[in-house]
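Trainee: I'm new to this one. Could you walk me through it, a bit at a time?

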Amino acid sequence: MLKIVSYTICPFVQRVTGLLEAKGIEYQVDYISLSDKPQWFLDISPNGQVPLLITDNGTALFESEAIIEYIDETSAPLESNLTPEQRALDRAYSYMGAKQYLPQCSTMRSSNREQYEEKVANLRKALAKAEAAINGPFFKGEQLSNVDIAWLPLLHRAAIIEKHSGTDMLEGFTKVKVWQQAILNTGICERSVSSDFEKRFTTFYLSDKTYLGGAGECSPTAPNRCSITCC
């Protein structure tokens with residue numbers, strides 16, 4: 001069975017586990033601490049980062065893009081009969097989504113309103129490009145694709161932020177919101193993370209040291225933030 005070495009709230013890991021879930025491929029997960037990486041992990045991970053996929057024959061694969069390609073090359077595709085042009089477009093839009101993982105993480109860790117608004121404005125530039133390309137309800141239409149899986153971590157995290165803080169990172173993007181709900185409805189988001197993912201995620205990103213968690217001013221759109229700080 002495939003083994004994934006993971007850090008609980010890593011979006012790059014969720015892209016990999018999301019694809020495995022979408023394809024119905026069995027796997028197991030070993031969670032590690034990135035602040036105290038075990039030696040066995042460092043011994044087999046050339047870059048010291050997660051995700052790491054250990055194949056059935058014991059080969060350790062690293063870098064999420066390479067891992068995604070390996071999974072696609074060794075299993076049935078989510079979509080069949082794609083032209084070379086369409087596959088190239090899918091890779092490009094997938095890359096566009098994956099490039100936003102770290103910017104979204106940085107945005108969610110903003111310590112004040114000014115910082116948050118500056119960072120979310122940059123994130124929304126990518127969302128605007130997605131909005132213009134979506135063919136709904138999933139990115140390309142009725143069928144789930146690799147593009148959806150690449151954007152799934154972003155959309156899942158935005159949903160949790162809205163649920164707990166009242167702040168909608170996707171506000172104003174009608175098609176993206178429909179797309180987000182379509183992906184949430186598949187159940188892949190929950191299945192591709194640990195049972196305590198939401199608790200760990202909110203503890204880190206919605207602490208009283210972050211703007212979204214309580215470090216900012218009161219806002220009628222963020223009742224949790226308001227109740228923590230001053231109301």
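Mentor: Sure, and one term comes up right away: two strands pair if DSSP finds at least two bridges between them. Keep in mind that this is a predicted model.

Trainee: Okay, in what order do the four strands sit in the open sheet?
Mentor: The sheet is open, and its pairing is mixed. Neighbouring strands are turned by 25 degrees against each other on average, ignoring direction. Going across, the order is β2-β1-β3-β4.

Trainee: Which strands stand at the edges?
Mentor: Look for a strand with a single partner, so that one side of it is left without a neighbour in the sheet. That picks out β2 (27–31) and β4 (60–62).

Trainee: What is the bridge partner of Ile 54 in β4?
Mentor: Strand β3 covers residues 52–54 and runs antiparallel to β4. Three bridges join β3 to β4. For Ile 54, the partner in β4 is Ala 60.

Trainee: And which strands does helix α3 touch?
Mentor: Helix α3, residues 64–73, packs on the sheet, and its direction makes about 120 degrees with that of β4. Another helix, α1 (residues 11–23), lies across β1 (2–6) and β2, at about 155 degrees to β1. As for α3, the strands touched are β3 and β4.

Trainee: Let's zoom out. How many helices are in the chain?
Mentor: The strands are the four we've been through. Counting helices along the chain gives 12.

Trainee: Why is the chain called as compact as a globular protein of that length?
Mentor: The globule rule gives 17 Å for 231 residues. The C-alpha atoms fill a box of roughly 55 × 45 × 25 Å along the principal axes. The chain counts as that compact because its radius of gyration is close to the rule's value, at 18 Å.

Trainee: What share of the residues count as buried?
Mentor: Buried here means under 20% relative accessible area. The accessible surface of the chain comes to about 11400 Å², with 51% of that belonging to carbon and sulfur atoms. Of the 231 residues, the buried share is 47%.

Trainee: Which helix gives the largest share of the largest nonpolar core?
Mentor: In soluble globular proteins, nonpolar side chains tend to be buried together. Here the largest nonpolar core has 62 residues, and those with the most contacts inside it are Trp 151, Met 169, Val 176, Trp 179 and Phe 201. The largest share, 11 residues, comes from residues 146–165, which is helix α7.

Trainee: Where is Pro 137, the one after a cis bond?
Mentor: The peptide bond from Gly 136 to Pro 137 is cis, with omega near 0 degrees. A cis bond also joins Val 50 and Pro 51, with omega of about 5 degrees, and Pro 51 sits in the loop between α2 (39–44) and β3. Pro 137's place is the loop between α6 (113–133) and α7.

Trainee: Last one: is Glu 63 buried, partly exposed or exposed?
Mentor: Glu 63 is in the loop between β4 and α3, and its phi is positive, near 70 degrees, though it isn't a glycine. Asn 81, in the loop between α3 and α4 (84–98), also has a positive phi, about 60 degrees, and is exposed at 76% relative accessible area. Glu 63 has a relative accessible area of 41%, so it counts as partly exposed.

Terms used
Residues are numbered from 1 along each chain as its sequence is written. This is a predicted model: local features need pLDDT of at least 70, side-chain atom pairs count only at pLDDT 80 or more; totals for chains, interfaces and linings use all residues. Side-chain values use heavy atoms; hydrogens and water are left out. Helices (H or I, at least four residues) and strands (E, at least two) are DSSP runs, numbered from the N terminus. Axes are lines fitted to C-alpha atoms, for helices over the stretch in contact, and angles run from 0 to 180 degrees between N-to-C directions. Contact means heavy atoms within 4.5 Å. The radius of gyration is taken over C-alpha atoms; the globule rule is 2.2 Å times the number of residues to the power 0.38. Buried means under 20% relative accessible area, exposed over 50%, partly exposed in between (1.4 Å probe, protein chains only). Accessible areas come from the Shrake-Rupley method with a 1.4 Å probe; for residues, only the protein chains shown count as cover. A nonpolar core is a set of buried Ala, Val, Leu, Ile, Met, Phe, Trp, Tyr and Cys residues joined through side-chain atoms within 4.5 Å.
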